[in-house]
Amino acid sequence: NLQFLGALQVLDDLFQFHLQRHPSSVEALRTFRIQCGSGKDEYSVASQMAARARGFQPLRRLVEVDSVYNEEDYSDLDGLVFAGRHW
């Protein structure tokens, strides 16, 4: 689907730009969070699918496991963060 491919390209470009600007890869991961809606309406489905396809998972879930994401680093736990697969 064209919307999905476009969302993948935008996400790839933004993430690459972000990684290039942060010398610490761990800090880059911690500070790149995606807000793309619920994925249940026509405006956010492609964004949500692209993020999931690239390995982004809910921040709320990742702070509960042993990961680089710590709950105290965020004012809220909404959004998706990179979990390290499918790039």
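How are H1 and H3 oriented to each other? Let's work towards that together. This is a predicted model, in which local features need pLDDT of at least 70, side-chain atom pairs count only at pLDDT 80 or more, and totals for chains, interfaces and linings use all residues. Residues are numbered from 1 along each chain as its sequence is written, and side-chain values use heavy atoms, leaving out hydrogens and water.

Start with the two helices (DSSP runs of H or I, at least four residues, numbered from the N terminus): H1 covers 2-21 and H3 covers 45-53. Two packed helices are described by the angle between their axes and the distance between the axes. Here the axes (lines fitted to C-alpha atoms over the stretch in contact, with angles from 0 to 180 degrees between N-to-C directions) come within 8 Å and cross at roughly 55°. H1 and H3 are therefore oblique to each other, a word for angles that are not under 35 degrees, over 145 or from 65 to 115.

Which residues of H1 and H3 make the contact (heavy atoms within 4.5 Å)? H1 brings Gln3, Phe4, Ala7, Leu8 and Leu11, while H3 brings Ala46, Ser47, Met49, Ala50, Ala51 and Ala53. By class, nine are nonpolar (Ala, Val, Leu, Ile, Met, Phe, Trp, Tyr, Cys or Pro), two are polar (neither nonpolar nor Asp, Glu, Lys or Arg, which count as charged) and none is charged.

Notes. Contact means heavy atoms within 4.5 Å.
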